[in-house]
Amino acid sequence: MAPAAAEAHVRSGRIAVDYRADVSQLPAGVEARVYRSDLALGLTVAPGHEVVVLGYAGEPAIRLDAAGVAASENSPTAAGTGLLKGTPRREGGAPSWRLISSSHSIVWHDARLRGLPPGVTHRPWIVPLVVDGSRTSLGGELRRVPTPSPWPWLALGALVVVSVAILLTRRRQLVRTATVVLGCAAAAASAATAVGFALASTASEGAWVEGANELVFVLVGLAFVARGSRDTRALAGGALGLLGLAVGLSKLPALLHGIVLSALPAAAARASVALAICAGAAAATLGLVVFFDVLEHYEEPADLQARL
């Protein structure tokens, strides 16, 4: 179910969220789902049925039938959810239905599926309906998903910091090699992160473009690593590290929220983000050291000196 009017809700572009809602109470003749990214409620009526969604005050708010989707101009709920934009709301009286779509599906944000108060981990949600003249309801459970422990990522970051410190103080001869290795690791993590979030069902068009751009930069950097001189390869590794750091930080919410909106499994998505940040920061730091070392020992070519 993906009605055109609902695309903005379906593809929110969010990276991670804290709440999960399911549908466990479903009347006959009705299909429903709750979208992961923003808890928008999607409703579809089967042919031959009429469904009326009751608003927050129990008033008829939305009607789905053979003609399409209509919103009541008398309903404060329909007005509050933005279904009657540009139409003045009528006060009281019998429902005055305004056809807003010829589709048999609708997606909207219902306050009955909004977040949970502090200290509450789950609660039932219910949206009252009238299906073919009979009062019933649509419902399920809204649950807060706890944020994963940050210790694995902090441990990885500490390991990288210690490794970089050892390289800079005791193993300077390995700095260029380490920069290339860490840069390639950051590139791999960046590519996995970009693909995972771009292919998520909630990804926006902007996420697709962003992921494609990141993959292009990764490929360009790897080309320099594969074909460049020793210094060029190290500098390219540093550039890939900087790219990985930027990509990882842009996806930082994946480490801070309970649900990751990626095509990859949550653990793999978080691991790729953490690796992009940690390996990227290390490669960028070592690449900067290589850059200043190259500048310090730079010598102009003999033929250029002769011309000068």
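Visitor: How many salt bridges does the count come to?

Guide: This is a predicted model: local features need pLDDT of at least 70, side-chain atom pairs count only at pLDDT 80 or more, and totals for chains, interfaces and linings use all residues. Residues are numbered from 1 along each chain as its sequence is written, and side-chain values use heavy atoms, with hydrogens and water left out. A salt bridge needs a side-chain nitrogen of Lys or Arg within 4 Å of a carboxyl oxygen of Asp or Glu. By this rule, the count is six.

Visitor: Which residue forms a salt bridge with arginine 63?

Guide: Arginine 63 is partly exposed, because its relative accessibility is 22%; the scale runs from buried (under 20% relative accessible area) through partly exposed to exposed (over 50%), with a 1.4 Å probe and protein chains only. Its partner counts as buried, at 14%. The N to O distance is 3.2 Å. The partner is aspartate 65.

Visitor: Arginine 112 forms a salt bridge with aspartate 110; how far apart are the closest N and O atoms?

Guide: Here arginine 112 is buried, and aspartate 110 is buried too. The closest N and O atoms of this pair are separated by 2.8 Å.

Visitor: Which residue forms a salt bridge with glutamate 141?

Guide: Glutamate 141 counts as partly exposed because its relative accessibility is 26%. The partner is partly exposed as well, with a relative accessible area of 35%. The closest N and O atoms lie 2.9 Å apart. That partner is arginine 143.

Visitor: Which residues are linked in a network of salt bridges?

Guide: One arginine and two aspartates are linked through salt bridges. The network consists of Arg176, Asp231 and Asp293.

Visitor: Which residues make the nonpolar surface patch?

Guide: Patch residues have over 30% relative accessible area and no salt bridge; like charges are joined within 9 Å, and nonpolar side chains (Val, Leu, Ile, Met, Phe, Trp, Tyr) within 5 Å. Accessible areas come from the Shrake-Rupley method with a 1.4 Å probe, and for residues only the protein chains shown count as cover. The patch covers about 470 Å². Its members are Leu235, Leu288, Phe291, Phe292 and Leu295.

Visitor: Which helix gives the most to the nonpolar patch?

Guide: Helices (H or I, at least four residues) and strands (E, at least two) are DSSP runs, numbered from the N terminus. Leucine 235 sits in H6 (residues 230–250) and is partly exposed, because its relative accessibility is 31%. Four patch residues come from the helix spanning 266–296. That top contributor is H7.

Visitor: At what angle do H3 and H7 cross?

Guide: Axes are lines fitted to C-alpha atoms, for helices over the stretch in contact, and angles run from 0 to 180 degrees between N-to-C directions. H3 covers residues 151–170, and its axis comes within 10 Å of that of H7. They cross at roughly 20°.

Visitor: What is the handedness of the crossing in which H3 passes H7?

Guide: H3 is roughly parallel to H7; angles under 35 degrees count as roughly parallel, over 145 as roughly antiparallel, 65 to 115 as roughly perpendicular and the rest as oblique. A crossing is left-handed if the near helix is turned anticlockwise from the far one by less than a right angle, and right-handed if clockwise. H3 passes H7 with a crossing that is right-handed.

Visitor: How far apart are the axes of H5 and H6?

Guide: H5 spans residues 205–227 and packs against H6 at about 160°. The two are therefore roughly antiparallel. Their crossing is left-handed. The axes are separated by 8 Å.

Visitor: What is phi of leucine 39?

Guide: Leucine 39 belongs to the loop between S3 (30–34) and S4 (41–45). It is buried, because its relative accessible area is 8%. It is not a glycine, but its phi is positive, near 60°.

Visitor: How far apart in space are aspartate 22 and leucine 39?

Guide: Aspartate 22 is in S2 (residues 19–25) and is partly exposed, because its relative accessibility is 38%. In sequence, 17 residues separate aspartate 22 from leucine 39. C-alpha to C-alpha, the distance is 9.8 Å.

Visitor: What is the positive phi of aspartate 132?

Guide: Aspartate 132 lies in the loop between S10 (122–131) and S11 (134–144). It is partly exposed, because its relative accessible area is 44%. Although not a glycine, it has a phi of about 55°.
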